[in-house]
Amino acid sequence: MKPLSEKIKQNLERVSSDIKPYNAKIVAVTKYYGKDEMMEVYRQGLRDFGESRAVESIEKINSLDEEVKSKSTYHFIGHLQTNKAKKVVGVFDYIHSVDSVNLAKELATVAQNKGIIQKIFIQVNNAFEEQKFGIAPSQLNNILNEIQKLKNLEVVGLMNIAPFTDDEFELHKLFREIYKLKEEFQLKELSMGMSHDYKIALEEGATIVRLGKILFE
């Protein structure tokens, strides 16, 4: 079995060569991995970490060495319940999974109380999968208008989780739709693509890819 450092180094080299032509950012999804993996990815040069469980992830972040903790950027990428807003605002630099005006209002209130600007993504579910969260594309205009009126929030982009499928034509289509929405609403960032589909997401305009398994295993 390869040492953790060698395995992550080789994985990251391979992935980075795919990503370099697109100038996209890698968020290392560490939600299923521990402090050792986070430290190793940091040593290999990554500074962005993605987590999806509010309480557990904050404990993990707080356990990191001070240098790693202070020089890293944290992305909350899982479904966020309104009652957990207080926990994540200010700890996470970006919240990728805002899927309702109610959640945005709660995030804005907490951010205002903490005296910060919270950066967020709107999650769009354009495959209409019932088991996944996110708003329908037809709702985006109205929801964006409501959220952009809120103080202490900055909408930086859109986020998407595509179906787990080998149908590359379908993935291209779905990612392209999200890219067109991002352009239509003049947003900067596009968080889409995971370990199994990040190459297609990059081809369709992703600026951020969220990678876990392909980095660590």
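Contact here means heavy atoms within 4.5 Å. The model is predicted: local features need pLDDT of at least 70, side-chain atom pairs count only at pLDDT 80 or more, and totals for chains, interfaces and linings use all residues. Residues are numbered from 1 along each chain as its sequence is written, and side-chain values use heavy atoms, with hydrogens and water left out.

**Exercise 1. Find which residues Ile 147 is in contact with, leaving aside neighbours within four places in sequence, and describe the largest nonpolar core.**

Step 1. Beyond that sequence window, Ile 147 has contacts with Val 98, Ser 100, Val 101, Ala 104, Ile 120, Ile 122, Leu 153 and Val 155.

Step 2. A nonpolar core is a set of buried Ala, Val, Leu, Ile, Met, Phe, Trp, Tyr and Cys residues joined through side-chain atoms within 4.5 Å. Buried means under 20% relative accessible area, exposed over 50%, and partly exposed in between, with a 1.4 Å probe and protein chains only.

Step 3. The largest nonpolar core has 65 residues, and Leu 107, Ile 122 and Ile 147 have the most contacts inside it. Helix 6 (residues 101–114) gives the most to this core, with 7 residues. Helices (H or I, at least four residues) and strands (E, at least two) are DSSP runs, numbered from the N terminus.

Step 4. Apart from this core lies another, of 6 residues, among them Val 27, Tyr 94, Val 156 and Met 159.

**Exercise 2. Place His 172 and state which side chain it makes a polar contact with.**

Step 1. His 172 belongs to helix 8 (residues 168–184).

Step 2. With a relative accessible area of 17%, His 172 is buried.

Step 3. Not counting residues up to four places away in sequence, His 172 touches Ile 200, Glu 203 and Glu 204.

Step 4. The side chains of His 172 and Glu 204 make a polar contact at 2.7 Å. Such a contact is a pair of N or O atoms within 3.5 Å; within protein, one must be able to donate a hydrogen and the other to accept it, and residues adjacent in sequence count only if both atoms are side-chain atoms.

**Exercise 3. Asn 152 and Gln 186 have positive phi values; decide for each whether the residue is buried or exposed.**

Step 1. Asn 152, which is not a glycine, has a phi of about 70°. Its place is in the loop between helix 7 (140–147) and strand 6 (153–159).

Step 2. Asn 152 is buried, because its relative accessible area is 16%.

Step 3. Gln 186, also a residue other than glycine, has phi near 55°. Gln 186 lies in the loop between helix 8 and strand 7 (189–191).

Step 4. Gln 186 counts as exposed, because its relative accessibility is 73%.

**Exercise 4. Work out which residues of helix 2 are buried and what they pack against.**

Step 1. In helix 2 (residues 35–43), the buried residues are Met 38, Met 39, Glu 40, Val 41 and Tyr 42.

Step 2. These pack against helix 1 (4–19), strand 1 (25–29), strand 2 (48–51), helix 3 (54–63), helix 4 (66–71) and helix 10 (213–216).

Step 3. On the helix 1 side, take Ser 5. Ser 5 touches Glu 40 and Gln 44, not counting residues up to four places away in sequence.

Step 4. Gly 45 follows helix 2 and has a positive phi, near 110°.
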